[in-house]
Amino acid sequence: MGCSNCASKNDGLPKGCKNNGSCGVDSCNKLTVFDWLSDLELPSGVEKFDAVEIRFKNGRKSFFRNTENLSLSIGDVVATETSPGHDIGIVTITGELVKVQMRKKKLDPYAAELPKVYRKANQKDIDVWEEAKAREEKVKVRAREIAIRLQLKMKISDVEFQGDGSKAIFYYTAEERVDFRQLIKEFAYEFKVRIEMKQIGFRQEAARLGGIGSCGRELCCSTWLTDFRSVKTSAARYQQLSLNPLKLAGQCGKLKCCLNYELDSYLDALKDFPRQDQKLITEKGEAVCQKIDIFKSKLWYAYRDDYNNWIELDTQAVKTILKAQRNNKPVASLEEFIEDKPVVNVDFENVVGQDSLTRFDKPKGRHKNKGKRRHKRKKSTQKNKSTNAKQKS
């Protein structure tokens, strides 16, 4: 949870403010934007921007025009224009920051075709909205059963009801084109609402469902990541990662988005490295690159006739060898550029004041030897008794 007053109960719902993610500060919701322009006053004569950003289920956001000049603030529940009927959403941004967000998404801030905000939601609107949201889970389960019965190769991942309960959006994923004309007819007959089918990608599906990644944190796409950039296997190669699909793929089945996070830093570091496919030609022989260490700026080379013997070189030494190679003056061997590492002799001392590590073994040894000595003494006395008895007889 984003605010300090909330914590998670056993059923996953937040406790504290008891608003289940709809509190006034709007910090419990994913993809929340901080209004860093809220404390700034507009110059005299400049009117406040009349558009607002409103969030719906699972981070779906849209921009609406405040034509009624309503006093809106972050966290207000409002009724918005849609076709048909009206929808219920929560205000996330107001003022000048909305203009910045619209330009970022390549929208015209002064476009006339923006839908309108009708009013602040009254209690009746909120009751109808809550009833519609309560139906979503049952409708999703029933919709999946119908899709399986019709043998359609698709997966219905989520259902979102409109605020007035007159329309339902079914989000689905599919690898091939799906003919769902019969499916829509059965949905309309079963649920008695207007049906809209919307196909989403596997990454969007993971963002809507959420989950825990292999790093132990919540998925980036369900918390803060808003744009999905393409991830290629070259990103893993640049970072010297093992090309294991099980480790590189996320819960969506695609390559992890976090592979792009540090890619630019690796690319900048690799600019100082020579190309790995370049061979080092020396008088001793030809050497091939076997491995590199980006953090330590080290490269390991091996001669063609001795691949088991790797020679560690730094980037500056490799550049020197390549420069001599281009001047047709190859170096004698790679061993000339091996750095002489100082030998550090470590003398381990008993700084704690403890005894020998084998001090607990000595009593066991004493007892064992003591037993052996007792056994030998017993045998010798028995032997002496038998010899004395024979002499007396």
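Start by selecting V288 and A302: V288 sits in β12, residues 286-293, and its bridge partner in β13 is A302. Keep in mind as you click around that this is a predicted model.

Now widen the selection to both strands. β12 and β13 run antiparallel and are joined by six bridges. Follow the chain from one strand to the other and you pass through a hairpin with four residues between the strands. Stop at S297 there, which takes a positive phi near 55 degrees.

Next, go back to the other neighbor of β12. How many bridges join β11 to β12? There are two, and these strands also run antiparallel. You can pick out the facing residues by hand: L280 stands opposite A287, and I281 stands opposite E286. This pair makes a hairpin too, with four residues between the strands. Click on G285 in the turn, where phi is positive, at about 160 degrees.

Time to zoom out to the whole sheet. It is open, with four strands in the order β11-β12-β13-β14 and antiparallel pairing. Which strands are at the edges? Color 280-281 (β11) and 306-314 (β14), each of which pairs on one side only. Then add residues 315-326, helix α9, which packs on the sheet. α9 touches β11, β13 (298-303) and β14, and its direction makes about 105 degrees with that of β14.

Leave the sheet and select residues 123-149 and 181-191, which are helices α2 and α3. Their axes are 11 Å apart, and the helices pack at an angle of about 140 degrees. That angle is why α2 counts as oblique to α3. As for handedness, the crossing is right-handed.

Show side chains where these two helices meet. On the α2 side, pick R135, V139, R142, A143, I146, A147 and R149; on the α3 side, pick L183, E186, F187, E190 and F191. What classes of residue make up this contact? Seven are nonpolar and five are charged, with no polar ones.

Finally, color by pLDDT. The chain has a mean of 82, and 79% of its residues reach 70 or more. Then jump to residues 1-5, where pLDDT stays under 50. For that stretch the model has 12 contacts beyond four places in sequence.

Key: Residues are numbered from 1 along each chain as its sequence is written. This is a predicted model: local features need pLDDT of at least 70, side-chain atom pairs count only at pLDDT 80 or more; totals for chains, interfaces and linings use all residues. Side-chain values use heavy atoms; hydrogens and water are left out. Two strands pair if DSSP finds at least two bridges between them. Contact means heavy atoms within 4.5 Å. Axes are lines fitted to C-alpha atoms, for helices over the stretch in contact, and angles run from 0 to 180 degrees between N-to-C directions. Angles under 35 degrees count as roughly parallel, over 145 as roughly antiparallel, 65 to 115 as roughly perpendicular and the rest as oblique. A crossing is left-handed if the near helix is turned anticlockwise from the far one by less than a right angle, and right-handed if clockwise. Ala, Val, Leu, Ile, Met, Phe, Trp, Tyr, Cys and Pro count as nonpolar, Asp, Glu, Lys and Arg as charged, and the others, Gly among them, as polar. pLDDT is the predictor's confidence in each residue, from 0 to 100.
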